[in-house]
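Load the model and keep a selection prompt ready. This tour goes stop by stop: what to select, and what is there.

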Amino acid sequence: MHESLTAQQRRRSLIEATITSIHLRGSLDVSVSEIAKRAGVSSSLAHHYFGGKDQLIVATMRHLLRQFHVSVLSETAKEQTPRGKVSALIRASFGPSQFDDQTISAWLVFYARAQESAEPGRLLQICLRRLHSNLVYWLRPLTGRRADFIASGVGAMIDGLYLRCALRHGVQDAEAAIFMTEDFVDAQIGRRTTV
């Protein structure tokens, strides 16, 4: 039992070291030995846990996606109405944890990596589909058949505004991004059509 906890802690420290290394380099141009050294473990142990750099990168991406998913669940659990759930998802998308410098660096690099590598691309698509399906589910009672269209617009705004805020390193811009996205949702709900 104690051994598996130690292994779990080592995996976690390797993932955190990966995020830090990506942030410091501004790219995926980091070696497993560099990451392992930063985590305080041997390179062979890092290879034992993850198999190689690509698997470590994928594990790190999964870690960030899980963190985001947990923040979405935490925010949406506070809301009872479909409209409240939409707002909670928007808040989570622009939450303070998403604007940590290291998290920003990792997301920017992973967005680029998803364009050129199958597994990161698949993970990103799963995240985007989950976000879209949740939005459609919560918007449908409010907007009927237009829910899919509106969810696509909200998703595009979240992605675009997050990237804009991240590139400026402007957490204060997050409030403006939330306001703009909420304004879009309100405008679309006001155009409700019957099913």
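Begin with the second largest cavity, at about 100 Å³ in this predicted model. Select Leu-65, Phe-68, His-69, Val-72, Leu-89, Cys-127, Arg-130, Leu-131 and Asn-134 to show its lining. Colour by helix next: H4 (53-76) and H7 are the elements that give two or more residues to this lining. Then colour by class. The lining of the second largest cavity has six nonpolar, two polar and one charged residues.

**The largest cavity**

How many cavities of 30 Å³ or more does a search of the whole structure find? The search finds two. The largest has a volume of about 190 Å³. Select Phe-68, Ser-93, Gln-98, Trp-107, Tyr-111, Leu-124, Cys-127, Leu-128, Leu-131, Ile-158, Asp-159 and Tyr-162 to outline the largest cavity. Helices H6 (101-114), H7 (118-143) and H8 (147-168) are the elements that give two or more residues to this lining. Which helix gives the most? H7 does, with four residues. By class, the lining of the largest cavity has nine nonpolar, two polar and one charged residues.

Keep Phe-68, Cys-127 and Leu-131 selected. They appear in the lining of the largest cavity and again in the lining of the second largest.

**Cys-127**

Centre the view on Cys-127, in helix H7. Is this residue buried or exposed? Cys-127 has 16% relative accessibility, so it counts as buried, the cut-off being under 20%. Now draw a distance from its C-alpha to that of Phe-68. The two residues are 59 apart in sequence, and the C-alpha atoms are 9.5 Å apart in space. Show contacts next, leaving aside neighbours within four places in sequence. Cys-127 is then in contact with Leu-65 and Phe-68. Leu-65 and Phe-68 are also among the residues lining the second largest cavity.

**The largest pocket**

Switch from cavities to pockets. The largest pocket holds about 170 Å³ of space. Select its lining: Arg-62, Leu-65, Arg-66, His-69, Arg-122, Leu-123, Ile-126, Cys-127 and Arg-130. Cys-127 is there once more. H4 and H7 each supply at least two residues of this lining. H7 gives the most, with five. Colour by class again: four nonpolar, one polar and four charged residues line the largest pocket. Among the lining residues are the arginines Arg-62, Arg-66, Arg-122 and Arg-130.

**The nonpolar core**

Clear the selection and pick Leu-14, Phe-94, Phe-110, Leu-135 and Leu-139. Of the 57 residues in the largest nonpolar core, these touch the most other members. Zoom in on Phe-110. Which residues is Phe-110 in contact with, leaving aside its neighbours within four places in sequence? Select Ile-22, Leu-28, Ile-57, Thr-60, Met-61 and Leu-64 to see these partners of Phe-110.

**Helix H2**

Last stop: select residues 32-39, helix H2. Val-32, Ile-35, Ala-36 and Ala-39 are buried here. Turn the view to look down the axis of H2. The buried residues fall within an arc of 100°, so they line one face of the helix. The general rule helps: an α-helix has 3.6 residues a turn, so residues three or four places apart point the same way. Step just past the end of H2 to Gly-40, which takes a positive phi of about 80°.

Definitions and conventions
Residues are numbered from 1 along each chain as its sequence is written. This is a predicted model: local features need pLDDT of at least 70, side-chain atom pairs count only at pLDDT 80 or more; totals for chains, interfaces and linings use all residues. Side-chain values use heavy atoms; hydrogens and water are left out. A nonpolar core is a set of buried Ala, Val, Leu, Ile, Met, Phe, Trp, Tyr and Cys residues joined through side-chain atoms within 4.5 Å. Buried means under 20% relative accessible area, exposed over 50%, partly exposed in between (1.4 Å probe, protein chains only). Contact means heavy atoms within 4.5 Å. On a 1 Å grid over the protein atoms alone, a cavity is a set of points where a 1.4 Å probe fits but cannot get out, and a pocket is an open set with protein on both sides within 12 Å along at least five of seven lines; lining residues have an atom within 4 Å of a point. Grid points are joined across faces, edges and corners, and a volume is the space filled by probe spheres set on the points. Ala, Val, Leu, Ile, Met, Phe, Trp, Tyr, Cys and Pro count as nonpolar, Asp, Glu, Lys and Arg as charged, and the others, Gly among them, as polar. The arc is that of the directions from the helix axis to the C-beta atoms.
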